[in-house]
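Biologist: I would like to learn how to read a structural model feature by feature, beginning with the general idea each time and then turning to the case at hand. Could we go through one together?

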Amino acid sequence: MTEFQSPYAYLFQKTDTFKSEDGLDIRYVSLKTHLEKARGTVILLNGWTEFIEKYGEPISVILKKGFNVYAMDWRGQGRSSRSLPDPEKGYVRDYSEFVQDLQKFVDTIVDPKAVKPLILMAHSMGGNISTQYLQANPGKMDRAILSCPMFDLPAGSPLKIAFKTLSTLARGVGKGSAYVPGRNGWKEIPFEENMVTSDPDRYEHDLELLRQNKDLRIGGPTYIWLSATLKALKRVQSEKFLKAIELPVMIYSAEKDTIVPPSSHEVASKQMPDCKLVTIPNAKHELLRESDAIQQVYWEEFDVFLKDL
């Protein structure tokens, strides 16, 4: 059997790391457009369980459109440092750690060399972190593109309250780093059972990356990760918080998203002063891993939003 080779592997032949404020290695990649003059710089941030190699295809599209790209792996996933003996456990103490890592990435790695303007482009959990970053750093970015940002969970309020109680109790008895009930290490999910894309080829590409690279895998979340996530959701659901984000923002929402409620995007888009909401019909959560037809809509809207840059 021929060993799988991603057609985008060439983009990640050279990666680097920087140290977080608490000493973790955060991996990133920086790439330049082949155009003679770059139109700006896109900072591409992935979601929960993801890694930069998964974004090879969209990175190649962005480069062809004339933008330089910086992308990073969040602490605890991809090939950034992991804090627990079981590397497949989803773990973060508080999303402020993610925000601090992003701030250091922008201030020390991106900003000194970047071609302006700066565009923050993030998916799901990365969208939540980016929203917190934008609120804390006004004027740092010129545009923001949030793809199915994690502004809420599909569970009803009673279930979220129950999870919060469980998380608090687990942390109180020293079990915060345990998997939440029903979740454990990474396992392969057949395409027919997946919740993220309707495209079988892109799904298989990403699954094969995980089959062959065990160090990229993430299993289920821990109690402490869930507790941190619930607090992060509460932060970005504040109308006062969102009204402070004044730069032009575009939120993509997927009509058939079962991971993040599309209704949360509609609410947030009305609370941000300068926000455009684009809902893509028939799309699932991972828009940048969706079918060609769905991606055509995505990139057309991307071009319109950035046409003056």
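Modeller: What follows is a walk through some strands, a helix, a few aromatic rings and two single residues. Please keep in mind throughout that this is a predicted model.

Biologist: Let me begin with strand S7, residues 249-254: how many of its residues are buried?

Modeller: The general idea comes first: in a regular strand the side chains alternate between the two faces of the sheet. In this structure, Val249, Ile251 and Ser253 point one way from S7, while Met250, Tyr252 and Ala254 point the other way, and all of them are buried. Six of the six residues are therefore buried, and the strand is largely enclosed by the rest of the structure.

Biologist: Which strands pair with S7, and in what sense?

Modeller: Strand S6, residues 143-147, pairs with S7 in the parallel sense over four bridges, and strand S8, residues 275-280, pairs with S7, again in the parallel sense, over six bridges. To place these pairings on the residues themselves, you can look for Ser147 opposite Tyr252 of S7, for Leu146, whose bridge partner in S7 is Ile251, and for Ser253 opposite Thr279 in S8.

Biologist: What does the chain form with S7, S8 and helix H8?

Modeller: Together with helix H8, residues 262-271, the strands S7 and S8 make a right-handed β-α-β unit.

Biologist: And which residues of H8 are buried?

Modeller: For a helix, the useful habit is to ask both which residues are buried and where around the axis they lie. In H8 the buried residues are Ser264, His265, Ala268, Ser269 and Gln271. They cover an arc of only 160 degrees around the axis, so they lie on the same side of H8. Their cover includes helix H7 (239-243), together with S7 and S8.

Biologist: Could we return to S6 and treat it as we treated S7? I would like to know how many of its residues are buried.

Modeller: Five of the five residues of S6 are buried, so this strand too is largely enclosed by the rest of the structure. Arg143, Ile145 and Ser147 lie on one side and Ala144 and Leu146 on the other, and with all of these residues buried, both faces of S6 are covered. S6 also pairs with S5 in the parallel sense, over five bridges, and in that pairing Met121 stands opposite Ile145. S5, helix H3 (residues 125-136) and S6 make a right-handed β-α-β unit.

Biologist: Is His123, at the strand next to S6, buried or exposed?

Modeller: His123 lies in strand S5, residues 118-123, and its relative accessibility is 5%, so it counts as buried. Leaving aside residues up to four places away in sequence, His123 touches Leu45, Asn46, Gly47, Glu50, Tyr55, Ser147, Cys148, His285 and Glu286.

Biologist: I would now like to read the aromatic rings; how many aromatic pairs are there?

Modeller: Two rings are treated as a pair when their centres lie within 6.5 Å, and planes under 30 degrees apart count as stacked. By this rule there are 12 aromatic pairs. Tyr252 and Tyr298 have ring centres 3.8 Å apart and planes at 15 degrees, so this pair is stacked. The pair links distant parts of the chain, since Tyr252 lies in strand S7 and Tyr298 in helix H9 (residues 292-305), 46 residues apart. Both tyrosines, Tyr252 and Tyr298, are buried.

Biologist: What is the arrangement of Trp299 and Phe302?

Modeller: Trp299 and Phe302 form an edge-to-face pair, with 5.1 Å from centre to centre and 70 degrees between the planes. Both lie in helix H9, three residues apart, about one turn of the helix, and both are buried. Ring pairs link Phe67, Tyr252, Tyr298, Trp299 and Phe302 into a cluster.

Biologist: Where do charged side chains sit over rings?

Modeller: The charged end of Lys89 sits over the ring of Tyr179, 5.4 Å from its centre, and Arg143 lies over the face of Phe305, at 5.6 Å from the ring centre.

Biologist: Finally, is Glu36 buried or exposed?

Modeller: Glu36 is in the loop between strand S2 (25-31) and strand S3 (40-45), and with 86% relative accessibility it counts as exposed. Glu36 and Gly66 are 30 residues apart in sequence, and their C-alpha atoms are 8.7 Å apart in space.

Technical notes. Residues numbered from 1 in each chain as written. Predicted model: local features only at pLDDT ≥ 70, side-chain atom pairs only at ≥ 80, totals over all residues. Heavy atoms only, no water. Buried < 20%, exposed > 50% of the residue type's maximum accessible area, 1.4 Å probe, protein only. Helix = DSSP H or I, 4+ residues; strand = E, 2+ residues; numbered from the N terminus. Pairing = 2+ DSSP bridges. Right-handed = clockwise from strand over helix to strand, strands pointing away. Phe/Tyr/Trp six-rings, centres within 6.5 Å; stacked < 30°, edge-to-face > 60°. Lys NZ or Arg CZ within 6 Å of the ring centre and 35° of its normal. Arc of directions from axis to C-beta. Contact = heavy atoms within 4.5 Å.
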